[in-house]
Amino acid sequence: MASAFVSLSPIMGPVPVSMSMSAERYPQSPGISSSTAKPAIPRSFGGVSTRSTRIQTQRYNPTLSFFGGNHGKYGNSNGSNNNGGRYGRGGGGQGDDSNKDNDGGVDPLAFGVSPSIAKVLQKYNRTANSIPADVRYSLQLGKASAEQLELVFQAESLPLGVGWLASKWAAFRNRLVGSPSFLMTVCVELAIGVVTKSAAELRSRKDKFVKELDFYFSDIALEIIADFFLVWLLSPVAKFGRPSKGALATALAKLPAHVLQKGSYSVPQRLATLASKSVQFGMVGFLSSIAGHSLTKYLVSLRGQPAQAGDAQLAPVLDNSIQWGEFMATSSTSRYMLVNGIENRLLSKLYAVNVPLTTALTAVLRFGNCYVGGVHWLWWAKQAKLQ
């Protein structure tokens with residue numbers, strides 16, 4: 001029975017031999033230059049406000065560039081129709097105190113009259129109270145920068161519902177801030193997964209493909225979910241809010257996202273990251289295989305054809321899932337650590353200046369990784385007598 005199976009799918013584990021051309025699917029996956037010009041700082045002491053000149057600067061945001069927009073650049077139209085900025089209009093003198101609170105509501109004293117933070121609030125027409133609570137907490141303690149605050153605002157302004165998701169899901173927002181290429185990496189990984197999985201399904205099911213669309217959609221749905229969260233596991237994260245409590249939580253919070261991430265991490269910390277990510281990859285592989293095989297067997301049973309899908313018999317769920325989990329914990333973890341290291345240390349600099357070229361190189365790198373993983377899985381499955 002098991003001999004009919006070889007697979008490259010991280011969701012289903014082994015799949016029919018005819019699907020063996022599918023690439024292996026399982027996941028893995030700023031420096032911000034501030035203007036050197038010293039902005040005029042809006043201040044209000046005892047009801048007396050001094051005028052400030054609004055300084056327009058330009059900065060390039062690769063994440064927004066990936067979407068083809070410029071929502072996060074300095075110099076956009078937010079709040080630019082005030083004829084001189086939010087804090088006082090017109091010429092010299094003390095200005096009009098009525099503009100202090102009704103021109104966007106920015107309280108320049110909220111962060112100790114920080115020039116950089118006040119400027120970011122002004123540029124994005126935001127108030128101090130509109131800053132997410134965890135980000136505000138870190139800013140007040142000096143553990144987050146104005147540049148990070150700007151990236152938070154940019155993440156929340158992304159189109160296609162991404163900005164809305166970032167404003168509601170802090171963990172997602174923190175990855176957008178911590179890794180400007182996060183969205184690009186996810187899109188590349190999902191594209192490779194969906195295309196190769198679809199090709200494998202078409203090759204395997206042939207003329208039965210239309211009749212077995214439920215199998216196809218269930219496999220693709222699980223593929224997308226698994227790919228997304230396994231890219232997620234190795235993505236650098238910006239940390240905001242109160243520190244973790246407990247010795248273990250504190251130690252884990254200080255680990256890099258992957259072994260080769262840039263930063264002043266010690267060797268023990270990098271080894272601990274390798275161990276923890278191996279466990280996480282193994283669990284994702286085991287659980288996704290359990291879910292995929294169980295769903296497939298359920299769909300097969302609805303057709304009154306127990307233990308078969310298409311022209312091949314289904315492998316035992318538990319045995320296959322255990323082997324797939326072990327494969328993910330060892331082969332997948334080490335290869336994706338290397339891929340992320342290359343992206344973080346080499347491609348990240350290119351991404352800041354040439355998004356299309358970096359996207360193409362990332363696609364080539366990740367597809368090559370999937371091919372190597374697929375070949376390795378074929379060998380692994382033979383050794384484990386799954387085929």
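In the predicted model, Asn125 lies in the loop that joins helix 3 (115-123) to helix 4 (133-140). This residue is not a glycine, yet its phi is positive, at about 55°. Most residues other than glycine have a negative phi. With a relative accessible area of 40%, Asn125 is classed as partly exposed. A further positive phi, of about 60°, occurs at Leu160, again a residue that is not a glycine. Leu160 is placed in the loop between helix 5 (146-156) and helix 6 (162-168), and its relative accessibility of 76% makes it exposed, because the threshold for that class is over 50%.

Glu156 belongs to helix 5. Its relative accessibility is 19%, and Glu156 therefore counts as buried, since the limit for burial is under 20%. When residues up to four places away in sequence are not counted, Glu156 touches Arg126, Pro132, Gly163 and Ser167.

Confidence in the prediction is considered next. The mean pLDDT of the protein chain is 73, and 67% of the residues score at least 70. Residues 1-111 have a pLDDT below 50; this stretch nevertheless has 312 contacts in the model beyond near neighbours in sequence. Where pLDDT is low, the predicted coordinates should not be read in detail.

The largest nonpolar core comprises 20 residues, of which Leu230, Leu234, Phe281, Trp324, Phe327, Tyr336 and Trp377 touch the most other members. Two or more residues of this core are supplied by each of helix 8 (182-205), helix 12 (317-351) and helix 13 (355-383). The greatest contribution comes from helix 12, which gives 6 residues. A second core, separate from the largest one, contains 17 residues, among them Ile117, Ile131, Ala144 and Val177. In soluble globular proteins, nonpolar side chains tend to be buried together.

Aromatic pairs number 16 in the structure. In one of these, the ring centres of Trp169 and Phe172 are separated by 5.8 Å and the planes meet at 25°, so the arrangement is stacked; the angle satisfies the criterion of under 30 degrees. The two partners differ in accessibility class: Trp169 is partly exposed at 29% relative accessible area, whereas Phe172 is buried at 3%. An edge-to-face arrangement is found for Trp324 and Trp377, with 4.6 Å from centre to centre and 85° between the planes. Because Trp324 is located in helix 12 and Trp377 in helix 13, this pair ties together parts that are 53 residues apart in sequence. Trp324 is buried, its relative accessible area being 0%, and Trp377 is likewise buried at 0%. Ring pairs also join Trp169, Phe172, Phe182, Phe228, Phe229 and Trp232 into a cluster. Trp169 and Phe172, the stacked pair, are thus members of this cluster.

The geometry of helix 12 departs from that of a straight helix. The distance between its end C-alpha atoms is only 42 Å, whereas a straight helix of 35 residues would span 51 Å at 1.5 Å a residue. A bend of about 40° is located at Asn344, a residue within helix 12. Asn344 is buried, with a relative accessible area of 15%. Leaving aside neighbours within four places in sequence, the contacts of Asn344 are with His258, Leu260, Gln261 and Lys262.

Ala275 is situated in helix 11 (residues 267-302). With a relative accessible area of 42%, Ala275 is partly exposed. The C-alpha atoms of Ala275 and Val259 are 9.8 Å apart in space, for a sequence separation of 16 residues.

How values were computed
Residues are numbered from 1 along each chain as its sequence is written. This is a predicted model: local features need pLDDT of at least 70, side-chain atom pairs count only at pLDDT 80 or more; totals for chains, interfaces and linings use all residues. Side-chain values use heavy atoms; hydrogens and water are left out. A nonpolar core is a set of buried Ala, Val, Leu, Ile, Met, Phe, Trp, Tyr and Cys residues joined through side-chain atoms within 4.5 Å. Buried means under 20% relative accessible area, exposed over 50%, partly exposed in between (1.4 Å probe, protein chains only). Helices (H or I, at least four residues) and strands (E, at least two) are DSSP runs, numbered from the N terminus. Rings of Phe, Tyr and Trp (its six-membered ring) pair if their centres lie within 6.5 Å; planes under 30 degrees apart count as stacked, over 60 as edge-to-face and the rest as tilted. pLDDT is the predictor's confidence in each residue, from 0 to 100. Contact means heavy atoms within 4.5 Å. The expected span of a helix is 1.5 Å times one less than its number of residues. The bend at a residue is the angle between axes fitted to the seven residues ending there and the seven starting there.
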